[in-house]
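Q: Please take a close look at one helix packing in this model, and then place that packing in its wider surroundings.

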Amino acid sequence: MSNRQGMGRYIVQRILYMLLTMFVITLMCFILIKLLPLPLIKEQGRDPTLVLLRREKMGYNKPIMVQFFLYMKGIFTEWYWGVGEQMYDSLPIWDVMMQKLPYTVVVNLYSILISIPLGLLLGIYAALKKNKWQDATISTLVMVFISVPSYVYAFLVQYIFCFKLQWFPLLLASESEAGSLMSWTMFKSMVPAVMSLSFGVIAGFTRYTRAELSEVLTGDYMLLARTKGLTKRQAISRHAMRNAMVVILPMIIGEFIGILGGSLIIENIFGIPGIGNLYINSINLRDYNFFMALTIFYTLIGLVSGIVIDISYGFIDPRIRMGSKK
Amino acid sequence: MTTNQNNFNLNDIPQEKFEFVQLNETLHDERIKTKAIGYVGDAWIRFRKDKSAVIAFILILVLALFAIIVPLLSSYTVEFRDAYYRNIMPRLPLFKNAGFWDGGKNLTLNKAGYLYYQAIGAETGKSAIISLKKEYVDSTGEMRYDVRTDSYHRIGFVYQNLSQSEYESLMAYQNETGKQVIYPLAKTHNATSEAYVNGNDGANFWYKLVDESRTTSGEPVLDENGNFIPNYVTSSNENEAGYNSLRIEGDGQDGVWYVYAFRNGRTGNYYKVRVNYEEYFIYKNGFSPNFIFGTNVHGQDIFTCLAIAARFSLLLAIAVASINFIIGVIYGSVAGYYGGWVDMLMERISDILASVPFMVVATLFQLHLAEKVGPVISLLFAFIMTGWVGTASRVRTQFYRFKGQEYVLAARTLGASDRRLIFKHIFPNSLGTIITGAVMTIPGVIFSESMLSYLHIINLDTSRTLTSIGTMLSQGQAQLQNYPHEILFPALFIAILEISFNLFGNGLRDALNPSLRGADN
């Protein structure tokens, strides 16, 4: 009973801290972004008086703290995140982001749906064959695949599968030619990006699973399970896997939250019109409204996944209850 | 047993039964004869046993040496850009006849193209075709030739506009060395696209073509022996345009002379000449062209650029790692040692900093500072801004682990000051973990830097002396289909570097912290 209360207090405390952190970061970034010189009027290629008038109307001439207040007010009262200036002219930023998000999510979702099961299987296999040649091979490959940067896979995949074998198109299909995001054409054009993203994740999960499982396998209760007559298979599935999952499951949850953020460089290489691409464009074109909104977005993903992972430990394993440890 | 034999009670041993072992000197434990092994020595012994870490360390040293030595010895620089030797294939003189790494490029040509390359060899004496692999008729009934062309020789000839002094010194060079650089001007053809691939304005068409019209296929007329028929500009004046230097064979028959230069420009002070580009390159630069890793689309030597990029990456990473190490150690020690509200406040601050995505930090620093202090310094600031948080939290954890231990409490009881406790008693114990952490940040920094420059968030394109692996990767990516070597070498370099650093870091961790051996293995 007290345990549950402790957990509740812990969660509330963590969320409050998160909100504080979020607020400070938003304020810092807002000030830093507002201190940047606005893009020159002539670059916008429009009537200068209109541009000035528009900037006045959007409050760009007010003191920064007032602007910050208005920004916050806009978000909390009307869910208004500003409009695009240099790109997606005058379109609400939130709408544009929601339009881009599906690409990022779908590509990354495919990737982790493939890599997590594969990583787990390889990890379990390596742990069961610990210190045999199978384990040595897997571990060496894991070391290599974890170290090599994801863009190197991207170049390899692009060269081998897109240029040499010509199995897949070089860039992501556009929505008009593919019909919809879930169509076969779209899926086929996503394969190179999904592959490039997956190598590292598979290696990461393999390493993690192997480490956890091989530690669990040496536990006394495993010996007991075997002594009381369980077969090796039974002992592993009923006792070892469950205990290893206590640590692995939060990592899986973290991966699922991480799909929102995606990978800047993979989106860039394969021309995926996702959130990462939006971020790069907002910097190159100096669209600070997009930059600000995406900063908040990325920060929030990081913070939320941190909290969810920590809390999920407590829910998965009653032995770990953060709030009650003090 | 003894009691029974000697018939006396153990409690009542007679005094004369006792005797001293010796009385002359005091007794010691046996002296330790071996030399004491210190912490470092101990770590070294453990490190040596980890073969993969040793190999990784050697690889890192080799790559670092490459990065230091090559820029010093190379004939090329980042600034060196050759207008004609673009997208040249890698060549190592050692592999001259190996069939790879010989500067060759496989092409499939039609008849006109095949003869075009043969003509270059016929005029310069240096064959542009390394080998003819296959000769066949394709489905449309045309002849096809699978050949391996020499990407250096196939440049052949280019037109150059020289000023009068340049023209004269080039002629003087010819007379002095006896090397033919300037060749007779060819009559203008409407050259086929093949000639423009190399950007030399069709300077290689020195022979008669079947069809001189605009839609020419570029196919040459051959004489009865199968030789090309020269189609040079001729004159009755031997020294047309002031040429008085070497002449090619067959020149000057029947009072007809080949023309080696046109006076050009409004004032007539420019000389348009047709030069053998390889010889001209030697004349201009003083060394013969050889690009071990080939050249990129700008005509830069990839070998040198890669070394300079690697030097930049390594220096940046080491600078970031050491600065973060210092800040992190001070911050983490204070937070971990004092605990309480100091710790809480400091934790909040570092938590906030750690929660800002690194991409955002790097971008903000670039936008604010790149114009004032340059992209490199602002990148360094960005890495330092949030990078130390990791070190600080590691140090803090170590302090929590050690500060309550008996030996620290004992030292405190004896009156040791805070500073002494921190730096003499706690810090050395946590050094292993902290150093490992610092080394492990190096591959991360190299990766992030290459990613930022690949995405052009930091922009080194304008720099004349610096390039980065990310910049090279993004240049190479545009040529991935036709010239994969341009991306292969930078990608291979960074992959090997990352693998080596991770292996080395693991070895270092096991060596410095034996208790953590195989922690995530």
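A: In this predicted model, helix H9 (340-355) of chain B packs against helix H11 (residues 375-402) of chain B at an angle of about 130 degrees, and their axes lie 9 Å apart. Since angles over 145 degrees count as roughly antiparallel and 65 to 115 as roughly perpendicular, with the rest outside the roughly parallel range taken as oblique, H9(B) and H11(B) are therefore oblique to each other. The hand of the crossing of H9(B) and H11(B) is left-handed. On the H9(B) side the contact is made by Ser350(B), Leu353(B) and Ala354(B), while H11(B) contributes Thr386(B), Val389(B), Ala392(B) and Ser393(B). Sorted by class, the contact of H9(B) with H11(B) holds four nonpolar and three polar residues, and no charged ones.

The bounds of both helices, 340-355 for H9(B) and 375-402 for H11(B), can be set beside the domain assignment of chain B, which gives domain 1 (59-67 + 299-516), domain 2 (91-155 + 187-229) and domain 3 (157-185 + 232-290). Between the centres of domain 1 of chain B and domain 3 of chain B, taken over C-alpha atoms, the separation is 56 Å.

H9(B) also has a part in the meeting of the two chains, where 31 residues of chain B are in contact with 29 residues of chain A. Among the elements that give two or more residues to the side of chain B that touches chain A are H9(B), helix H10 (358-373), helix H13 (418-454) and helix H14 (469-477) of chain B, together with helix H15 (485-512) of chain B. The largest share of that side, eight residues, comes from H15(B). By class, the side of chain B that touches chain A has 21 nonpolar, seven polar and three charged residues.

As for the partner chain, the domain assignment of chain A gives domain 1 (3-78) and domain 2 (101-316), and the centres of these domains of chain A, taken over C-alpha atoms, are separated by 32 Å. Contact between them involves 14 residues of domain 1 of chain A and 13 residues of domain 2 of chain A, and the side of domain 1 of chain A that touches domain 2 of chain A has 11 nonpolar, two polar and one charged residues.

One residue of chain A may be added: Asp310(A) lies in helix H14 (residues 288-316) of chain A, and Asp310(A) is partly exposed because 15 other C-beta atoms are within 10 Å. Although Asp310(A) and Arg14(A) are 296 residues apart in sequence, they are 9.5 Å apart in space, C-alpha to C-alpha.

Conventions:
Residues numbered from 1 in each chain as written. Chains lettered and ligands numbered in written order. Predicted model: local features only at pLDDT ≥ 70, side-chain atom pairs only at ≥ 80, totals over all residues. Domains from an automatic or database assignment. Contact = placed C-beta atoms within 7 Å. Nonpolar A, V, L, I, M, F, W, Y, C, P; charged D, E, K, R; others polar. Helix = DSSP H or I, 4+ residues; strand = E, 2+ residues; numbered from the N terminus. Buried ≥ 20, exposed ≤ 12 C-beta atoms within 10 Å, placed from the backbone. Axes fitted to C-alpha atoms, helices over the stretch in contact; angles between N-to-C directions. Parallel < 35°, antiparallel > 145°, perpendicular 65-115°, else oblique. Left-handed = near helix turned anticlockwise from the far one by under 90°.
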